[in-house]
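Hi,

Here's the structure I said I'd pass along. Have a look at it first, and my notes are underneath.

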Amino acid sequence: MAYIEGHARDQALLLPASVEDYVAADSPVRFIDAFVDDLDLGEAGFHRSRPKATGRPGYAPGDMLKLYLYGYLNRVRSSRRLEAEAMRNLELIWLLRGLRPDYKTIADFRRDNRSAFKAVFRAFVILCRKLDLFGRELLAVDGTRLKAVNNPGRNFSRDKLARYIAAADERLEGYLVELDAIDRGEDGHGLGRGEALAAKIARVRERRQAQAAMLEQLTASGESQISLTDRDARAMVTGQKTTVGYNAQVAVDAKHKLIVEQHVTNAATDMGLLASTAGAAKEALGVDRIAAVADMGYYKGEDIEACEAAGITPYVARPERGSAIANGRFPKERFAYDPAADAYRCPGGQLLDTRYRSVTRGHVSIQYSSPAACAACAIKARCTGSRWRRINRWENEAVLERMAKRLAARPGVLAIRRETVEHPFGSIKQWMNQGVFLMRGLEKVRAEFSLTALAYNLRRAITIIGIPGLIQAVRA
Ligand code: SF4
């Protein structure tokens, strides 16, 4: 049986006369073109948004932005690959009208305009708002750790450096003892061994010196760690592993799992980042009040309080931590606070009404106890290993109690959080293969993540609305 044959390569063909004929009516490039043409690039902060009057003309920032949007949407992020695609990819040839910037120009554009990409991300959020794609009722806030261009072996914490220096001292000590033995002629290996040892000692000393200098630098700066390749990257614990990278925070609207706000930081934990992330998202959505759900990594009294003050109703589960939990004793939840008596009722039915106020770095808390009751308690072994049990209460703990009541009344909200944030993070890391940054430095990775988050939103909006609907919204 014959196969379908292609034409001979040297055969003269009548190809469609215009590149327009090669691009489908529902191709995403048509939306990228319309969207970028509609942006005020000067206001967004792009350099050369007006052409220079004199000198050699440069590429228009709009064309370069179109190239990047197409690239991030199609998993092409490196400047060299973008250069290659601009030459051979018909959709890109259409989008750029045959322009072929070289990789250096492409790379320079992303570096020089790093602070402008967030404005483009926001412009698309505004478009999604116009299309009523946000529920504007519930946000899921979460953070993910994305790898930096920094090998873990080139990241040093103070502890790590102190350990390395101690180990180097120990090795040097051993080598010097061995060297002495060789000098006294007690070693059977002869002169060759002595020279090899001297070389080893020089190497260890050199490394130790560099480590001591880094430790000194950390002590002087007050920082906890240093990264040699990407100075802004930090070691962060992710599950069982430690990643040297950045913490990308997102606020995702629960209706269609679209990202409303995104921000990259090098904070190792999520604690304290809820009010700022949800607050920026609330502003972008233009609502007076909104609910925000986050995992227990965000549980911090002052941050929860800041959410309430900013018109955000927070839902954050209380983490099970503390020595009582670790030792299998009564958790704090078993102690009921009585506001009228300003005292706690313990599991043994006693009132803990002896109060002691303390202030640690501005955090005011009160310790409640009843030494006399504990001394006579039959179930003390299940409660404390000390002479009496103390319950610590933050001065504004009513904020956390209100949140616990809200969570009890809406238990399903935590499951909504998981499925809402897993979609963007799963898509970005697996499908889009953008779980690793290409650039170095906080400002540059922020630019990269703005493009990544925008590409994710764009793909979602295409699935929900379709290209013709999006183009219509831009032109409306
Ligand atoms: S040890 Fe003290 S706080 Fe604990 S149950 Fe007994 S009386 Fe209550």
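**Helix α8**

In α8, the buried residues are K160, L161, I165, A168, L172, Y175, L179, A181 and I182. Bear in mind that this is a predicted model. An α-helix has 3.6 residues a turn, so residues three or four places apart point the same way; worth keeping in mind as you read down that list. The helix covers residues 158-183, and at 1.5 Å a residue those 26 residues should span 38 Å. The C-alpha atoms at its ends are 37 Å apart, so the two figures agree. Just after α8 comes G185, with a positive phi of about 75 degrees.

**The β5/β6 hairpin**

Next, a pair of strands. β5 (residues 241-253) and β6 pair in the antiparallel sense, over seven bridges. Four residues lie between the two strands of this hairpin, and K257 in the turn has a positive phi of about 60 degrees. If you want a spot to check the register, A251 stands opposite E261 in β6. Strand β6 itself (residues 258-265) is mostly covered, with seven of its eight residues buried.

**Where α16 meets α17**

How do the axes of α16 and α17 cross? They come within 7 Å and cross at roughly 105 degrees, with α16 running over residues 442-465 and α17 over residues 467-475. That angle makes α16 roughly perpendicular to α17. On the α16 side, the contact is made by A461, I462 and I465, and on the α17 side by I467, G469 and L470. By class, that contact has five nonpolar residues, one polar and no charged ones.

Cheers

Definitions and conventions:
Residues are numbered from 1 along each chain as its sequence is written. This is a predicted model: local features need pLDDT of at least 70, side-chain atom pairs count only at pLDDT 80 or more; totals for chains, interfaces and linings use all residues. Side-chain values use heavy atoms; hydrogens and water are left out. The expected span of a helix is 1.5 Å times one less than its number of residues. Buried means under 20% relative accessible area, exposed over 50%, partly exposed in between (1.4 Å probe, protein chains only). Axes are lines fitted to C-alpha atoms, for helices over the stretch in contact, and angles run from 0 to 180 degrees between N-to-C directions. Angles under 35 degrees count as roughly parallel, over 145 as roughly antiparallel, 65 to 115 as roughly perpendicular and the rest as oblique. Contact means heavy atoms within 4.5 Å. Ala, Val, Leu, Ile, Met, Phe, Trp, Tyr, Cys and Pro count as nonpolar, Asp, Glu, Lys and Arg as charged, and the others, Gly among them, as polar. Two strands pair if DSSP finds at least two bridges between them.
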